[in-house]
Each structure stands twice: as structure tokens, then as C-alpha cells.
Amino acid sequence: MADSTKSATLSIDGQTYDLPMFSPTAGPDVIDIRKLYAEAGVFTYDPGFTSTASCDSTITFIDGGKGELLHRGYPIDQLAGKSHYLEVCYLLLYGALPTAAELEEFESTITRHTMIHEQMHNFFRGFRRDAHPMAIMVGAVGAMAAFYHDSTDISDPRQREIASHRLIAKVPTIAAMAYKYSIGQPFVYPRNDLDYAANFLHMCFAVPAEEYVVDPIIARAMDRILTLHADHEQNASTSTVRLASSSGANPFACIAAGIACLWGPAHGGANQACLEMLKEIGSPDRIPEYIARAKDKDDPFRLMGFGHRVYKNFDPRATVMKQSADEVLDLLGVENNPILATAKELEQAALADPYFAEKKLFPNVDFYSGIILEAMGFPTSMFTPIFALSRTVGWVSQWKEMIADPQNKIGRPRQLYLGDTARDYVDIENR
Ligand code: ACO
């Protein structure tokens with residue numbers, strides 16, 4: 001961490017405390033409160049961590065006001081336009097764009113680790129047929145801890161690297177198997193001659209009865225979806241991975257914890273919730289009704305795919321995603337798609353409404369991704385698993401960074417206790 005350049009002064013009951021401050025390479029300064037409790041005997045209170053930096057990191061930077069997202073300094077629109085998912089994985093994991101030789105080796109390593117241990121197939125068969133693929137993923141990724149013992153010594157950098165490669169390589173296989181299981185089709189083994197996105201599509205859509213040819217444009221769109229979701233600094237699931245691993249837990253268990261967190265509708269589950277909402281709206285003439293509901297404080301309904309904790313301007317990923325939605329539907333010959341039409345009108349109506357403007361609520365990455373995934377043939381239940389497989393690289397990159405950080409210590413937030421103070425136990429007959 002850089003040296004402290006300035007300080008903030010806190011005054012409590014006439015006593016002042018100087019708190020060191022750090023300046024990042026980009027973004028707001030931070031006040032270092034690590035010694036606050038020891039020196040002043042007080043905690044800070046920040047539910048939802050809206051003003052708290054939990055770590056220092058060199059991986060991803062977001063300027064929510066400008067609508068900017070950088071991975072290792074490279075803007076997401078450039079990466080989505082010029083790079084591809086595995087190159088972005090390398091960038092996130094190792095900190096620099098690879099040379100041609102480094103990329104070739106990395107792609108070969110990932111490709112050669114896509115199969116999962118054959119005994120893991122038994123885990124899938126233990127789930128109910130109608131299990132949500134995210135439920136299966138939480139279980140199956142956690143179960144990897146029981147199969148890959150030779151990459152669980154987190155004090156060994158090489159084992160950490162192997163665990164990272166295994167996760168990036170095998171999570172798509174697990175996601176595809178969860179899907180195949182849920183529709184009663186046989187599992188499809190990965191193919192080493194296909195690239196990452198095409199291989200995933202193949203594992204999801206191929207059947208033994210006939211040849212399945214992956215359309216390169218669909219594979220490119222899939223790759224772009226993966227690229228756009230690869231990392232997003234200290235979001236809820238990434239922070240969950242960091243918190244779980246702060247105890248020294250097994251890497252596969254930590255990523256399973258991240259998947260569990262991602263599942264929620266306020267986070268990764270929003271893409272499924274958004275498409276379901278667009279279908280419920282059904283046609284553009286019902287948009288005013290739903291906008292009114294989203295604004296009504298007595299109605300819990302929110303516009304799914306709108307709003308973001310950090311972006312208070314356009315989510316740059318949403319812009320690329322909207323473009324992809326048009327391209328994919330065009331390619332698939334889907335004309336006048338009513339859901340896309342509803343989405344576009346809903347976006348316009350919300351952006352023109354003062355409620356959304358004042359609260360700085362813009363479409364986020366999930367607003368258009370579901371439309372593309374559905375056009376590709378995925379059911380809504382697969383949207384969040386696809387998010388999970390693309391975010392796996394972000395989780396492992398942040399996990400690796402954290403384990404290597406000498407400042408890493410177990411995460412242990414404090415609380416503002418508002419419960420009863422000490423009182424004597426009352427025997428049951430006297431209550
Ligand atoms: N529709 C209507 N009103 C909204 C929405 C929305 N989608 N999002 C926020 N608001 C309102 C809130 O009611 C609140 O109003 P108030 O100030 O009058 O009480 C205000 O905007 C601020 O909202 P918060 O919930 O405090 O903002 P927070 O940063 O905690 O939440 C979140 C961000 C969870 C993403 C929220 O905008 C939301 O629920 N969006 C819908 C779900 C969604 O799309 N999630 C995906 C996020 S992106 C991702 O995970 C990849």
C-alpha cells in the first residue's frame with residue numbers, strides 16, 4: 001500500500017484523532033480507520049458497505065459517475081470489441097495482456113482442464129430433476145474441494161494457480177451438466193478443438209443423436225457476454241469470496257460461496273428476474289403501469305435490470321449488451337421480437353421519467369443479457385449460471401490477490417448492538 005499522504009481529523013467529545021488517508025491511482029481517497037477502535041473506542045457504522053473499502057486491489061476500477069469500467073486499466077468496451085474472454089481471463093489473473101505465446105499456453109492449459117472427475121457425475125444424479133441449475137452449481141463447485149486435494153494448499157502459489165485454472169476450466173462444464181441434467185439429456189463431454197464459448201454452447205446444446213455445429217457468430221456473442229461479466233471489483237459475490245477465503249478456507253468452497261451470493265435477484269439473479277419481468281409486461285402498452293409500480297413506495301416491485309450500487313450513469317456493459325442483442329436477434333432472423341421491443345420502450349420511458357433520472361437509475365448489464373441468452377436457446381434458469389461461470393475468473397483473480405496480500409487477515413465486521421443488555425435466565429415455568 002502507498003504511504004499516507006494526508007490525514008483526516010475526527011473529533012469525539014472534544015478529543016481529536018488523526019486518521020491517515022491514502023490516495024488511490026484512480027477514485028476517491030480513503031480514510032484509514034483500522035486503529036480507530038483501539039485509539040478512540042468507537043466503531044464506524046456502514047451497513048451495505050456503501051462508504052467502506054474492504055481491501056486494496058489492482059484488478060478492476062469502476063467510476064460510477066462516468067460509467068467507466070477498467071480491467072487492469074483497459075476499458076471494457078475496448079476489451080469487448082477487440083479482445084476475447086480467455087485473453088481477458090489472463091489479463092485479470094496475471095495483470096498484463098499476454099503475448100501470443102503466453103496466450104497460446106494459457107488457452108491450452110484451460111482447454112486441457114475442462115473435464116471433471118468422472119465420479120463427480122454421481123453428485124448430479126443425487127439432485128431432484130427440477131433442481132435450479134444454480135443450486136446444483138453451488139453443490140458441485142463446492143464438491144470440487146473433495147476431488148482436487150492437490151490444489152488446496154493455499155500457501156503454495158503454484159497450487160493457487162492450478163486451483164484457478166481448474167475453476168476457470170471446469171465451471172462451464174459443471175454449468176452445462178446442471179442444465180443437461182435439468183432437461184433430462186445426457187451429459188456432453190467438453191471438446192478441446194472448440195474455443196471456450198463455443199465449447200460451452202456445445203456442452204449445452206449438442207445431443208448424441210445428431211451433429212451440433214456451433215455458429216461462430218453466436219459463439220462470439222456468447223464470448224462477449226462472458227467478457228462483459230468477467231469481473232466487477234468488490235461486488236457482493238466477490239466480497240463473499242474474499243470473506244470466505246479470509247479464514248483460509250478451501251478455494252473451491254470459497255467460489256461456491258460466491259455462486260450462492262450471486263444467485264440473489266438483487267445481484268446475478270437479476271438477469272432471470274429481468275426477462276421474467278419483460279415477459280410479464282408483455283407489450284409496450286403496459287409499460288406505464290409497471291413504471292408507476294416501480295415508483296410506488298408501497299409496492300415492493302422494482303424495475304429489474306435498472307439501477308446499480310456503483311453506476312450512477314450508464315453501465316458501460318449495458319451499452320455493449322444492447323448492441324449485441326440487436327446483432328444476435330438479427331442473425332437468428334428474429335424480427336419484431338416483442339420482448340426486445342418492450343425492453344427498448346421501457347428503457348426510453350424510464351430514462352424520460354424524473355423518478356429514475358433523480359435517483360440516477362440506468363439500465364445495468366442484466367437489462368439486455370437475458371434477451372440474448374433466450375434467443376440463443378437458454379431457459380431463464382440458465383442465465384445466472386452463465387453469469388457465475390463468467391464471473392469465476394473475477395472471483396479467482398480477487399481470491400489470488402487477497403491470499404498473496406501480506407495484509408490479509410480474517411474478515412470480521414463489528415455491529416451496532418440494539419438488543420437486550422444482560423438479563424437473568426427465567427425458568428420455563430416462570431415465563
Ligand atoms: N426500480 C425502482 N426503484 C429503484 C430501483 C429499481 N430498479 N433501484 C433502486 N431504486 C430506488 C430505491 O427504491 C431507492 O429509493 P429511495 O431513495 O426513495 O428509498 C433508491 O432508488 C436507491 O436504491 P437502493 O436500493 O438504496 O440502492 P442500492 O445501491 O442499495 O441498490 C440495486 C442497487 C440492488 C442494484 C438496486 O438498484 C436494485 O434492486 N435494482 C434491481 C435489481 C437489479 O437489476 N440488480 C442487478 C444489479 S447489477 C449486477 O448485479 C450485475
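**Reading a predicted fold: cavities, a ligand and two sheets**

Q: What is the volume of the largest cavity?
A: The largest cavity has a volume of about 50 Å³. Please keep in mind that this is a predicted model. The search covered the whole structure and found three cavities of 30 Å³ or more.

Q: What makes this space a cavity, and which residues line it?
A: In a cavity a 1.4 Å probe fits but cannot get out. Around the largest one stand Met115, Ile116, His121, Thr173, Met177, Phe187, Val188, Tyr189 and Pro190.

Q: How many residues of that lining are nonpolar, polar or charged?
A: Seven are nonpolar, two are polar and none is charged. Tyr counts as nonpolar in this scheme, so Tyr189 in the lining belongs with the nonpolar residues. His and Thr are not among the nonpolar or charged types, so they count as polar.

Q: Why is the second largest pocket called a pocket and not a cavity?
A: A pocket is an open set of points, whereas a cavity is a space that the probe cannot leave. The second largest pocket has a volume of about 260 Å³. Helices α4 (100-111), α8 (196-205) and α9 (216-228) each give two or more residues to its lining.

Q: Which residues lie nearest the centre of this pocket, and what classes make up its lining?
A: The lining has 20 residues, and Leu86, Leu194, Asp195, Tyr196 and Ala197 lie nearest the centre. By class there are nine nonpolar, five polar and six charged residues.

Q: How do you know that histidine 267 makes a polar contact with the ligand?
A: Check the atoms and the distance. An N or O atom in the side chain of histidine 267 is 3.0 Å from an oxygen atom of the ligand. The cut-off for a pair of N or O atoms is 3.5 Å, so this pair counts as a polar contact.

Q: Which backbone atoms pass the test too?
A: A backbone N or O atom of glycine 305 lies 2.8 Å from an oxygen atom of the ligand. Phenylalanine 306 has a polar backbone atom 2.9 Å from a nitrogen atom of the ligand. Both distances are within 3.5 Å, so both pairs are polar contacts. Taken alone, the ligand exposes 930 Å², and the protein buries 75% of that.

Q: What surrounds the ligand?
A: There are 21 residues around the ligand, and Arg302, Leu303, Gly305, Arg309 and Lys359 come nearest. This shell divides into eleven nonpolar, five polar and five charged residues.

Q: Why are β1 and β3 called edge strands?
A: The strands lie in the order β1-β2-β3 in an open, antiparallel sheet. β1 (6-12) and β3 (30-31) each have a single partner strand, so one side of each is left without a neighbour in the sheet.

Q: How do you know that β2 pairs with each of these strands?
A: Pairing needs at least two bridges. Seven bridges join β1 to β2 (residues 15-22), and β2 and β3 share two, so both pairs qualify. One bridge sets leucine 10 against tyrosine 17, and another sets serine 11 against threonine 16. Isoleucine 12 stands opposite glutamine 15. Towards β3, phenylalanine 22 has valine 30 as its bridge partner.

Q: What lies between β1 and β2?
A: Two residues separate the strands of this hairpin, and aspartate 13 in the turn has a positive phi of about 50°.

Q: What makes β4, β5 and β6 one sheet, and which of them stand at the edges?
A: These three strands form an open antiparallel sheet in the order β4-β5-β6. The edges are β4 (60-63) and β6 (74-75), each with a single partner strand, so each has one side without a neighbour in the sheet. β4 and β5 pair over four bridges, and β5 (residues 68-71) and β6 over two, so both pairs meet the minimum of two.

Q: Where do the hairpins of this sheet have a positive phi?
A: Between β4 and β5 there are four residues, and glycine 67 takes a positive phi near 70°. The hairpin of β5 and β6 has two residues between the strands, and arginine 72 in its turn has a positive phi of about 50°. Beside that turn, histidine 71 has tyrosine 74 as its bridge partner.

Notes:
Residues numbered from 1 in each chain as written. Predicted model: local features only at pLDDT ≥ 70, side-chain atom pairs only at ≥ 80, totals over all residues. Heavy atoms only, no water. 1 Å grid on protein atoms, 1.4 Å probe; cavity = no way out; pocket = protein on both sides within 12 Å on 5 of 7 lines; lining within 4 Å. Points joined across faces, edges and corners; volume = space filled by probe spheres on them. Near = heavy atom within 4 Å. Polar contact = N/O pair within 3.5 Å; in protein donor to acceptor, adjacent residues only side chain to side chain. Areas by Shrake-Rupley, 256 points an atom, 1.4 Å probe, with all protein chains shown as cover.
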